[in-house]
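Thanks for coming. I have one structure to go through today, and I will keep to the sheet and the cores. Please have a look at it first.

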Amino acid sequence: MAAGPFLSQRLAQSQTLALTPAMQLKLKLWQMNLQELSQTIERELEENPLLELSEDGDEVPTLEAIEEGRDSDVAEAPSDQAAEGVELPEGVDTMDLGPLLDAAGEMNPEGDLEKFTEEGVAQVQETDCGAENSWDTDLPRTSALPEEDRLSWEDRLSATESLQDHLIGQLYETLEHDDSRAHLVERLIDRLDPKGFLRLDPDQPGLETTAAALAEDMGVTEEALRHALDVLQEFDPSGVGCFTVQESLLLQLRHAGAEPDDLAVRIIQDHSELLGQRDSVKLRRVLGCSEEELAIAMDQLKHLNPSPGRAFDPEGDRVVKPDVVVLKGEDGNWKVYLNDEGLPRLRVNGDYQRFLASTDAKSDKDFIRERFRSARDFIRGVEDRNRTVLRVAAQIAELQKEFLEHGIEHLRPMVLRDVAEATGFHESTISRVVKSKTIHTPQGLYDLNYFFSARPKDSDVSATVVKHRIKAYIQAEDVAKPLSDEAIAGLLERDGIKVARRTVNKYREELRIPPASQRRRR
């Protein structure tokens, strides 16, 4: 008789461990920029009665003293390091979860990163030293700088430069005054509303217009307008000089290196209505993507600015606050500081033991203990985040000294591995730490991601520098005789940068610059 289908049961013993709440918290804090961290601290202060502000001069008991019911063992006073802005030493206690997360991702391709091997969790626990005291005062912070030094960089950030002034400055760094496009670009800049969008009347920002209508109103051809827009839309801030929010977001994605078929581009291009409805189920269905892929795309979109010109609005919160600041010291060396503007000092309420003694109810005691652990883990997580960001930023500054001194032409090739090897962190840790963080330098305000750029084959120059040169050559070319890729390669070689014609072609396309045949104008 043929064997038919059958059901069976069997027992199997396996062991999995979850990433603890404290470790999950540290991962989240790593990826927060200054603004996000400040908002998170405010929320925690509201929600946790055992977490409180520590005023200057307060004696702050150590967490261990609070747990043991003692009020001595106060945290040490700030050391000179807090004002000197030095690179953190190799022995800094920070927790690197990067390789463990990667291992977990390989172990569970569905993306559930909470399940770790016993060995992995043990490794985390061994490296999870945390902040010994309630608030680490040894980190170099901008609040510890002398007033004149602090005001010097704050003034540069908060200078009353209008959006128009900012763009005009870039215009005449890019084009010569006698360039036929320069005057039209300047007229376009005058048509920008406070959000950075083109309007027939900038004083009526709510009334959208079109390229055809604007060209007619300005008395120019649409072709001439488009050529001027090609210049304007490459300026900072990214996304400026567009007609609609959708166009601006797509431009920002393009500047970030997104391809036309990337999920983030497709969402903005074709499914903005579903995006507005926050309907992730329908979005996944129409895009044909997984939940994880959609989450990555949504994370990209969160970092776009729907009002790119608002950063220069004198009536708005226009100043982007950097996470770290680089200044040159009196000894001529570069020093890196953690920007702690808006970040209060925190401590756990020292009356923890009195609260416990004041109640006999088990539920109350459990609540107080849980809140204490939550406050302790949050403080340690914030300090771990600060130390890690500062250490990574200090290494980036060390590797990019020539850029700090001389600007973009001296940006050196640098990849995640370079910083990882110097800091002892895993590459994935570096990637998470630099995400959405900014650094204030003498050359301006930059995303930390900006400094990572590979080198073209057979060249010792950063790909970012090569692209910068290509863009400059093309913007200065004779529009009647535009430069071919081969001619650009020749100019680069003349300037000491040897790259193949196909590399020029690749970078030109990444910059979204059309070939010479399409740039030619009579």
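I will start with one residue pair: Thr441 sits opposite Gly444 of β8. Bear in mind that this is a predicted model.

That pair belongs to the contact between β7 and β8. Strand β7 covers residues 438-441, and four bridges connect it to β8. The two run antiparallel.

Now the sheet as a whole. How many strands form it, and in what order? Four, in the order β5-β4-β7-β8, and the sheet is open. Its pairing is mixed. At the edges are β5, residues 334-338, and β8, residues 444-447, each of which pairs on one side only. From one strand to the next the twist averages 25 degrees.

Next, β4. On one side β4 is joined to β5 by five bridges, and these two strands run antiparallel. With β7, β4 has two bridges, and there the direction is parallel. Val324 takes part in both pairings: its bridge partner in β5 is Leu338, and its bridge partner in β7 is Ile439. As a reminder, strands of a sheet pair through backbone hydrogen bonds, either parallel or antiparallel.

What lies between β4 and β5? The two form a hairpin, with five residues between them. In that turn, Gly332 has a positive phi of about 85 degrees.

Is β4 enclosed or open to the outside? Four of its five residues are buried, so β4 is largely enclosed by the rest of the structure. Buried here means under 20% relative accessible area.

One helix to look at against this sheet is α18, residues 362-399. Helix α18 lies across β4, residues 324-328, and β5. Relative to β5, α18 runs at about 160 degrees.

That helix comes up again in the packing. The largest nonpolar core has 45 residues, and the members that touch the most others are Ile396, Ile470 and Leu492. Helix α18 gives the most to this core, with eight residues.

Which residues does Ile470 touch? Leaving out residues up to four places away in sequence, Ile470 touches Ile488, Leu492, Val504, Tyr507 and Leu511.

There is also a second core, separate from that one. This second core has 24 residues, among them Leu171, Leu214, Ala228 and Phe235.

To go back over the main points: the open sheet has the order β5-β4-β7-β8, α18 lies across β4 and β5, and α18 gives the most to the largest nonpolar core. That is what I have.

Notes. Residues numbered from 1 in each chain as written. Predicted model: local features only at pLDDT ≥ 70, side-chain atom pairs only at ≥ 80, totals over all residues. Heavy atoms only, no water. Pairing = 2+ DSSP bridges. Axes fitted to C-alpha atoms, helices over the stretch in contact; angles between N-to-C directions. Contact = heavy atoms within 4.5 Å. Buried < 20%, exposed > 50% of the residue type's maximum accessible area, 1.4 Å probe, protein only. Core = buried A, V, L, I, M, F, W, Y, C linked by side-chain atoms within 4.5 Å.
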